[in-house]
Amino acid sequence: MWFLDGRLDPIGGAVVAEALRRVEDELFRADWAEAKAQLGDAVSASQLARSAAQRRADALVELATRAQTAPAGARRPEPLFTVLVGYETLAGRICELADGTPVTPGSLVPWLDRALVERVVFAGPDRVVNVGARRRLFGGATRRAVQVQSRECFHPYCDQPADYAQIDHIQPYAAGGATIVDNGRPACAYHNRQRHQLARPP
Ligand SMILES: [Zn+2]
């Protein structure tokens, strides 16, 4: 006999458990269909050919067998685990003076009515992709934010996905429109061009 006992880290464990669950589920359906064919619709879990433990053991063997079946160089599947991370956890909360001294958000409240607020978007800790000051083109995180927010070309009858679209200024840049998320919208190449042709004075 073989006895299985081991420890995995949380992610490795989740990957193994999910792979095992999928095969187990497959075997369960097969057992259920077989019992139903023999015993009719009133079948219950206790009437299946295998116990849950036996099915789980068989699933592990099936998993190992399939691992040998994968052709060399086959594409590896997406990781079999899902993780939910709050934005602040991922990006880290920042509240510090320009010289790096941390301050509490509460200590800033008395200053707010006299403060000038500048919006800066970082890609990673060192690279600034957007500052409150105007820039000509939507890029980096701002561009992505507009795409995710709107999904499709702004034209009501056009369903070009935003991922392939250009980002258009709602209030044109030349007319003072800022390059910020709220003034951006996805426009497919055709509708972006058409709009600017219409806007051009005759
Ligand atoms: Zn369009």
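The following exchange concerns the salt bridges and the zinc site of this predicted model.

Colleague: Why is the contact between Arg-55 and Asp-31 called a salt bridge?

Modeller: The closest approach of the two side chains, N to O, is 3.1 Å, and because the rule asks for a side-chain nitrogen of Lys or Arg within 4 Å of a carboxyl oxygen of Asp or Glu, the pair qualifies. By this rule the count comes to 11 salt bridges.

Colleague: What makes the pair of Arg-55 and Asp-31 a tie between separate parts of the chain?

Modeller: Arg-55 belongs to helix α2 (residues 52-69) and Asp-31 to helix α1 (residues 10-39), so the salt bridge joins parts that are 24 residues apart in sequence.

Colleague: How do you know whether Arg-55 and Asp-31 are buried or exposed?

Modeller: Arg-55 has a relative accessible area of 8% and Asp-31 one of 4%; since buried means under 20%, both residues are called buried.

Colleague: What links Arg-50 to Asp-58, and how are these two residues classed by accessibility?

Modeller: Arg-50 and Asp-58 form a salt bridge, with their closest N and O atoms 2.8 Å apart. The relative accessibility is 22% for Arg-50 and 25% for Asp-58, and because partly exposed covers the range between under 20% and over 50%, both residues fall in that class. Asp-31, Arg-50, Arg-55 and Asp-58 are moreover linked in a network of salt bridges.

Colleague: Where in the fold do Glu-62 and Arg-66 lie, and what is the distance between their closest N and O atoms?

Modeller: Both residues sit in helix α2, four residues apart, which is about one turn of the helix, and the closest N and O atoms of their salt bridge are 2.8 Å apart. Glu-62, at 28% relative accessibility, counts as partly exposed, and so does Arg-66, at 34%.

Colleague: Which atoms are the protein donors of the zinc ion, and how do you know?

Modeller: The donors are the SG atoms of Cys-153, Cys-158 and Cys-188 together with ND1 of His-191, lying 2.0 to 2.3 Å from the zinc ion, and because the cut-off for this metal is 2.8 Å, they are counted as donors. In sequence the donor residues follow the spacing C-x4-C-x29-C-x2-H. Two of these residues are buried, Cys-188 at 6% relative accessibility and His-191 at 10%.

Colleague: Why is the site of the zinc ion called tetrahedral?

Modeller: The angles among its four donor atoms run from 98 to 117°, and since four donors count as tetrahedral if all angles lie between 85 and 135 degrees, the site of the zinc ion meets the condition.

Methods
Residues numbered from 1 in each chain as written. Predicted model: local features only at pLDDT ≥ 70, side-chain atom pairs only at ≥ 80, totals over all residues. Heavy atoms only, no water. Helix = DSSP H or I, 4+ residues; strand = E, 2+ residues; numbered from the N terminus. Buried < 20%, exposed > 50% of the residue type's maximum accessible area, 1.4 Å probe, protein only. Donors = N, O, S within 2.8 Å, 3.2 Å for Na, K, Ca; no water. Tetrahedral: all angles 85-135°; square planar, octahedral: opposite > 155°, others 65-115°.
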